[in-house]
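Visitor: I should be grateful for a close look at a single part of this model, a loop and what adjoins it. Please then proceed from there to other parts of the chain.

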Amino acid sequence: MVESARLSLHVPEPAVRPGGHPDFSNVKIAKAGSVPRPEVDVASEDIRDLAYSIIRVLNRDGEAVGPWAGSLTDEELLTGLRNMMKLRAFDARMLMAQRQGKTSFYMQHLGEEAVSCAFRKALQKGDMNFPTYRQAGLLIADDYPMVEMMNQIYSNESDPLRGRQLPIMYSSKEHGFFTISGNLATQYVQAVGWAMASAIKNDSRIAAAWIGDGSTAESDFHSALVFASTYKAPVILNIVNNQWAISTFQGIARGGSGTFAARGLGFGIPALRVDGNDYLAVHAVARWAAERARRNLGPTLIEYVTYRVGAHSTSDDPSAYRPKTESEAWPLGDPVLRLKKHLIVRGVWSEERHTQAEAEILDEVIEAQRQAEGHGTLHDGGKPSVRDIFEGVYAEMPPHIRRQRQKAGY
């Protein structure tokens, strides 16, 4: 009898460890403007290549080129730049506040600002996002008050959630921001269900699901794709591939699929990859997917190729699992600097105006922080009352039920 070869388990490993030289040779970057823009009613099998390429609009010279360009005016781009700068300044102040012991926990967006800030501008009032903890740009870009965000982070007496969520887990129905779930990936299938409900009611609103590369390994992600594809739910399925989960590189969750976008192909869902650090490209792709959903053409899966510059959270030390200089080697650059360069090339921005805007935005963020820190803690001077604990947890008892209970002696 021939002896069989011994089996061995394959465990993916990052190309480089701490102390090594950063290597992004595996990130195949298409030339800006080279990826075609298909009609929104295209079949998924006809754009299979888009799940393996990267849609880009801004070239190295800061020019907007190709078929995906032209979706935004100069004024809209200037607003987008200010939103990203505001999110970056907000991050810096809140990170500092956590280090000073003013809040227990914080998660920043450094390097990923274009993804959420640009995407929000492709949605309409009433649409609903089901975000993760790194999409605060959805709120910033929709003019949600920064002081309200800080009140929630500090869990102070003006916290709109009354201390019932972890810091940075915001919620605002008015701004289309479903409360963040700490149980990773559960929001994905919830977004699909919300979109299905909108379709059942013959409504016009669409949903957007958000997930990180690491969480795509969760079963909720795959369940969401089954329901979205089967019922053609009006939902945009977003995957933010920032190269790293909490401490594991993206190859663990990606497995052998090649790209995260390719996961959609097996479900018959049109799938695209986009340069997540290109504000113009993110907006153009998001608007394309939103139009598909509104025309009742079903879901679209989008992978945003970006990079998490900072730590996963204030509880994380990335130097333990990746080279310290890796962010500097990231080939798709900085989203703020790239949009700034484009606007300068167009003649509507300058270094001087950018410096002035930075100062103005910082003053705005500091003023919001001053106001938030002026509020007391949620229960200054004593224990919370029973009303504090249960307010907003249970619905008011319907009058007829109350009468029945009273009649029965309860």
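Guide: A residue is called buried when its relative accessible area is under 20%, exposed when that area is over 50%, and partly exposed in between. The model before you is a predicted one.

Let us begin with the loop between helix 4, residues 146-154, and helix 5, residues 186-200, where Arg162 has its place. Ile168 is found in the loop between helix 4 and helix 5 as well. Most residues other than glycine have a negative phi. Arg162, however, has a positive phi, near 55°, although the residue is not a glycine. The phi of Ile168 is likewise positive, near 80°, and this residue is not a glycine either. How exposed or buried is each of them? Arg162 has a relative accessible area of 28%, so this residue is partly exposed. Ile168 has a relative accessibility of 1%, and therefore counts as buried.

The loop leads us on to helix 5, and to its partner, helix 6. Two packed helices are described by the angle between their axes and the distance between the axes. For helix 5 and helix 6 (residues 219-231), the axes come within 7 Å and cross at roughly 20°. An angle under 35 degrees counts as roughly parallel, and helix 5 and helix 6 are therefore roughly parallel to each other. Their crossing is left-handed. Helix 5 contributes Thr186, Tyr188, Val189, Val192 and Met196 to the contact, while the residues they meet in helix 6 include Phe221, Ala224, Leu225, Phe227, Ala228 and Tyr231. By class, the residues of this contact comprise ten nonpolar, two polar and one charged.

On the other side of helix 4 there is a further loop, between helix 3 (137-140) and helix 4, and Asp142 lies in it. With a relative accessible area of 18%, Asp142 is buried, because the limit for that term is 20%. Which residues does Asp142 touch, if those up to four places away in sequence are not counted? They are Arg120 and His175. Asp142 may also be set beside Arg287: the two are 145 residues apart in sequence, and their C-alpha atoms are 16 Å apart in space.

A second pair of helices offers a useful contrast in angle. Helix 1, residues 74-99, has 26 residues and reaches 38 Å from its first C-alpha to its last, close to the 38 Å expected at 1.5 Å a residue. After helix 1 comes Gly101, whose phi is positive, near 80°. The axes of helix 1 and helix 2 (residues 113-120) come within 9 Å and cross at roughly 135°. Helix 1 is therefore oblique to helix 2. The crossing of these two helices is right-handed. Asn83, Met84, Leu87 and Arg88 of helix 1 make the contact with Glu113, Ala114, Ser116 and Cys117 of helix 2. Four of the residues in this contact are nonpolar, two are polar and two are charged.

Finally, consider His312, in the loop between strand 5 (300-305) and helix 9 (326-329). Its relative accessible area is 8%, so His312 is buried. Apart from neighbours within four places in sequence, His312 is in contact with Met107, Tyr133, Arg134, Ala245, Ile246 and Tyr321.

Key. Residues are numbered from 1 along each chain as its sequence is written. This is a predicted model: local features need pLDDT of at least 70, side-chain atom pairs count only at pLDDT 80 or more; totals for chains, interfaces and linings use all residues. Side-chain values use heavy atoms; hydrogens and water are left out. Helices (H or I, at least four residues) and strands (E, at least two) are DSSP runs, numbered from the N terminus. The expected span of a helix is 1.5 Å times one less than its number of residues. Buried means under 20% relative accessible area, exposed over 50%, partly exposed in between (1.4 Å probe, protein chains only). Axes are lines fitted to C-alpha atoms, for helices over the stretch in contact, and angles run from 0 to 180 degrees between N-to-C directions. Angles under 35 degrees count as roughly parallel, over 145 as roughly antiparallel, 65 to 115 as roughly perpendicular and the rest as oblique. A crossing is left-handed if the near helix is turned anticlockwise from the far one by less than a right angle, and right-handed if clockwise. Contact means heavy atoms within 4.5 Å. Ala, Val, Leu, Ile, Met, Phe, Trp, Tyr, Cys and Pro count as nonpolar, Asp, Glu, Lys and Arg as charged, and the others, Gly among them, as polar.
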